[in-house]
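Visitor: I would like a close look at one part of this protein, and I am new to reading structures. Could you pick a spot and walk me outward from there?

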Amino acid sequence: MLRAKTLGILAHVDAGKTTLSEQLLYRTGAIRSLGRVDHGDTALDVNEIERARGITVFSDQAWFERDGRRFTLIDTPGHVDFAPEAERALLALDMAVVLIDGGSGVQAHTTALYELTQTYQVPALFFINKTDLTSYDAEKIASQISTRLTENTVSIIDGTPDMEALAVLDDAFCERYLMGEADEQDAWQSLRGLFAARKAVPVLYGAALSGEGIDELLDALATLAAQDEPQGDQLDALVYKVRRETNGDRVVYLKIKSGVLRPRDAFHFGDAVEKVHQLRLYRGNAFTLVEEARAGDAVALTGLATPRCGDRLVGDTMEKAAPFKTTPVLAARVEPPKGVAPATLLEKMRILEDEEPMLGVTWDAAHSAVIVQVMGTVQTEVLMQLMENRFGMKVTFLPPLVLYKETVSKAVVGCGHYEPLRHYAEAHLQLAPGPRGSGITFDSRCHVDDLPLPFQKLICSHVFEKTHKGVLTGSPLTDVKVTLLSGRAHLKHTEGGDFRESVYRALRQGQMKGQNVILEPFYRFIFTLPSDCLGRAMTDITSLFGTYDAPEMLGEDVRITGRGPVRTFMDYPTVLRAYTHGKGGVQLQPDGYDLCHNQEEVIEELAYDCGADVTNPTGSVFCSHGAGFYVNWDEADGYMHLPVEEASE
């Protein structure tokens with residue numbers, strides 16, 4: 001059986017990913033003729049929406065063979081609106097080609113994609129594309145890579161790695177190089193080890209459209225992939241994609257990390273048992289059935305209804321997915337066409353959510369409406385097309401609204417008690433501000449003699465099992481370090497859900513006692529515009545509550561890099577193109593969350609009534625004379641059975 005590796009192509013939109021993928025497949029004999037994106041006949045980008053728009057929307061894959069190894073090639077979306085799809089593909093990758101447009105240089109989204117390869121520990125190499133363009137400036141590209149991506153690059157020219165660059169990164173090779181004992185084979189061996197350890201990024205050059213540099217890239221991929229890691233016998237596989245066939249059957253895509261998977265293998269998901277029907281190797285829309293998949297393979301299977309993107313199959317069971325880094329910053333209301341019930345729309349949107357979990361489909365009961373989370377307007381346009389093509393439903397998206405979050409501004413102790421008749425649990429939790437982007441973290445200062453470890457683990461699980469609401473706007477709580485200070489259980493009366501109730505109430509009471517703040521999403525932006533428009537742009541940035549770095553002159557044009565709220569900058573591309581008469585360009589890249597610039601206005605707009613949210617109570621339930629009674633959050637501390645500690649940083 002051929003050794004297998006999974007290779008991903010990552011890049012900013014229009015950098016030439018699909019064209020490069022086409023060349024790799026053609027040069028290795030996987031396809032008989034070259035297709036073109038502008039002709040709509042490529043082996044990948046097979047969806048009619050992709051061919052109509054000329055961009056990649058879904059991460060399609062194909063396989064080819066080179067030097068005794070099978071590579072599964074995944075062509076990922078480049079548009080920032082489909083960044084979650086590209087991130088999920090990283091779960092399957094053994095190595096990545098980060099494609100850089102030689103004409104336009106290192107874009108903001110290119111930087112974000114490269115950072116994701118580091119997050120997911122995927123070795124990456126750079127392919128500088130379109131080097132045949134007159135606008136290609138080798139020195140400028142090298143400078144951008146060094147300042148925006150990494151300094152640990154090793155160029156490969158005429159099939160040989162740059163030995164001087166290797167000598168800087170590899171002390172042992174440096175000694176051999178200085179002694180005159182290093183040769184090309186030695187250089188490749190050094191680079192292979194550095195690449196696998198993500199300590200060096202090889203750089204190759206070419207032009208995908210004409211085929212220049214493709215053979216050199218294939219040789220480099222085969223050489224760099226030659227280093228295999230030992231694998232275990234137990235099945236370990238990651239779900240990186242879910243799709244539906246035209247008949248509605250579910251197809252789950254897996255990257256096999258270790259072990260063997262075969263048709264008819266069974267998995268236990270709670271009380272349910274599901275069996276694999278088929279194993280498939282895909283090449284575009286076509287597939288080949290296989291009888292087994294081993295470590296390194298990226299395969300699709302039918303028969304499993306439970307696993308979702310990011311889930312992990314271990315042995316014959318499943319582990320739930322960890323959160324993804326790329327998350328939507330906007331939410332939009334979806335309206336069905338006349339004559340279609342909102343419940344029917346919800347059902348169809350749930351099917352799309354199975355394939356794109358970042359949609360976060362929710363039901364707004366107050367307005368009988370479906371709400372979805374999106375990255376931008378291009379994604380909403382694609383979703384409208386998908387709903388019409390697949391379900392014959394012409395939906396309408398209302399203008400998207402910003403998704404806010406909440407956090408605590410200072411350390412505070414929240415207490416939760418739950419004691420209706422024959423139930424008992426009490427938990428005291430400290431909530432303290434965490435670093436931006438850290439989400440919810442958990443620690444314990446409670447001794448096991450005071451609360452046994454199984455109960456402490458139960459409290460931890462309840463902290464993470466759902467998205468907790470903030471008390472100002474009902475937005476998700478984030479960037480909080482939760483510390484268990486103390487807790488109490490009853491030998492007879494503590495049951496399964498009791499600590500869930502006490503933990504939820506402690507988190508809410510802590511927020512009520514403290515002073516929450518609202519966080520809003522930010523964009524990292526790059527404006528390129530005529531230099532005579534610079535003053536207008538800088539004034540606008542300031543008025544939109546943004547910040548910017550020193551402008552960079554580019555001949556008659558100027559580039560401004562900065563950061564600002566999504567709410568104020570989401571419509572600015574239209575404004576900039578208007579006052580530059582179409583000569584200016586904008587790149588907007590989601591850049592995390594930060595303090596909201598108009599908190600009071602947002603609170604008034606969202607009009608969240610914390611006290612009326614009966615599904616998320618802030619008070620506690622105590623027992624007296626055999627009956628439970630509710631105590632409001634501001635009086636509950638006086639009823640607690642354990643001493644209430646003071647907060648500490």
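Guide: Happy to! Let us start at Phe-525, which counts as buried because its relative accessibility is 0%. Please keep in mind that this is a predicted model.

Now look at Phe-527, also a buried residue, with a relative accessibility of 0%. The ring centres of Phe-525 and Phe-527 are 4.5 Å apart and the planes meet at 15°, so this pair is stacked. For that label the planes have to be under 30 degrees apart. These two rings belong to one aromatic cluster, together with Phe-569, Tyr-572 and Tyr-579.

Let us move to Phe-569, a member of that cluster. Leaving aside residues up to four places away in sequence, Phe-569 touches Phe-525 and Phe-527, along with Tyr-523, Ile-541, Leu-544, Gly-546, Gly-564 and Leu-588. Both Phe-527 and Phe-569 also appear in the largest nonpolar core, which has 49 residues. Along with Leu-345, Met-349, Val-372 and Leu-529, they touch the most other members of that core. Apart from this core lies another one of 42 residues, including Leu-20, Ala-30, Phe-195 and Leu-217. A general idea helps here: in soluble globular proteins, nonpolar side chains tend to be buried together.

How many aromatic pairs does the structure hold? There are 17 of them. A useful one to set beside our stacked pair is Phe-455 with Phe-499: the ring centres are 5.3 Å apart and the planes stand at 45°, so this pair is tilted. It links distant parts of the chain, since Phe-455 is in helix α12 and Phe-499 is in helix α13 (residues 498–513), 44 residues apart. Are these two rings buried or exposed? Phe-455 counts as partly exposed because its relative accessibility is 25%, while Phe-499, at 0%, counts as buried.

Helix α12 (453–464) gives us our next step, because the loop between α12 and β29 (480–489) is where Asp-479 lies. Asp-479 is buried, with a relative accessible area of 3%. Its phi is positive, about 50°, although Asp-479 is not a glycine. In general, most residues other than glycine have a negative phi.

From that loop we can step into the strands. Strand β29 runs antiparallel to β27, and 9 bridges join the two. One place to find this pairing is Ala-432, which stands opposite Lys-481 in β29. Strand β27 (residues 425–433) is mostly covered, with 8 of its 9 residues buried. β27 also pairs with β26 (residues 412–418), in the antiparallel sense and over 7 bridges. Here you can look for Val-413, whose bridge partner in β27 is Gln-430. The hairpin of β26 and β27 has 6 residues between the strands, and in this hairpin Arg-422 takes a positive phi near 65°.

Now for another part of the chain, with a sheet of its own. This open sheet has 8 strands in the order β2-β3-β1-β4-β5-β8-β6-β7, and its pairing is mixed. At the edges stand β2 (60–66) and β7 (160–161); each has a single partner strand, so one side of each is left without a neighbour in the sheet. For β2, 7 bridges make the join to β3 (residues 69–75), and the two strands run antiparallel. Within this pairing, Phe-64 has Phe-71 in β3 as its bridge partner. Helix α1 (residues 17–27) lies across β1 (3–11), β2, β3, β4 (95–101) and β5 (124–129), and runs at about 150° to β1.

Let us follow β5 for one more comparison of phi values. Gln-121 lies in the loop between α4 (108–119) and β5, and has a positive phi near 55°. Gln-121 is exposed, with a relative accessible area of 55%, whereas Asp-479 is buried.

Finally, here are some arginines to find. Arg-283 lies over the face of Trp-63, 3.9 Å from the ring centre. The charged end of Arg-280 sits over the ring of Phe-287, at 4.0 Å from its centre. Arg-88, in helix α3 (residues 83–89), counts as buried because its relative accessibility is 1%. Beyond residues up to four places away in sequence, Arg-88 touches Tyr-240, Cys-309, Phe-324, Glu-355, Glu-356, Pro-357 and Met-358.

Notes: Residues are numbered from 1 along each chain as its sequence is written. This is a predicted model: local features need pLDDT of at least 70, side-chain atom pairs count only at pLDDT 80 or more; totals for chains, interfaces and linings use all residues. Side-chain values use heavy atoms; hydrogens and water are left out. A nonpolar core is a set of buried Ala, Val, Leu, Ile, Met, Phe, Trp, Tyr and Cys residues joined through side-chain atoms within 4.5 Å. Buried means under 20% relative accessible area, exposed over 50%, partly exposed in between (1.4 Å probe, protein chains only). Contact means heavy atoms within 4.5 Å. Helices (H or I, at least four residues) and strands (E, at least two) are DSSP runs, numbered from the N terminus. Two strands pair if DSSP finds at least two bridges between them. Axes are lines fitted to C-alpha atoms, for helices over the stretch in contact, and angles run from 0 to 180 degrees between N-to-C directions. Rings of Phe, Tyr and Trp (its six-membered ring) pair if their centres lie within 6.5 Å; planes under 30 degrees apart count as stacked, over 60 as edge-to-face and the rest as tilted. A charge sits over a ring if NZ of Lys or CZ of Arg is within 6 Å of the ring centre and within 35 degrees of the ring normal.
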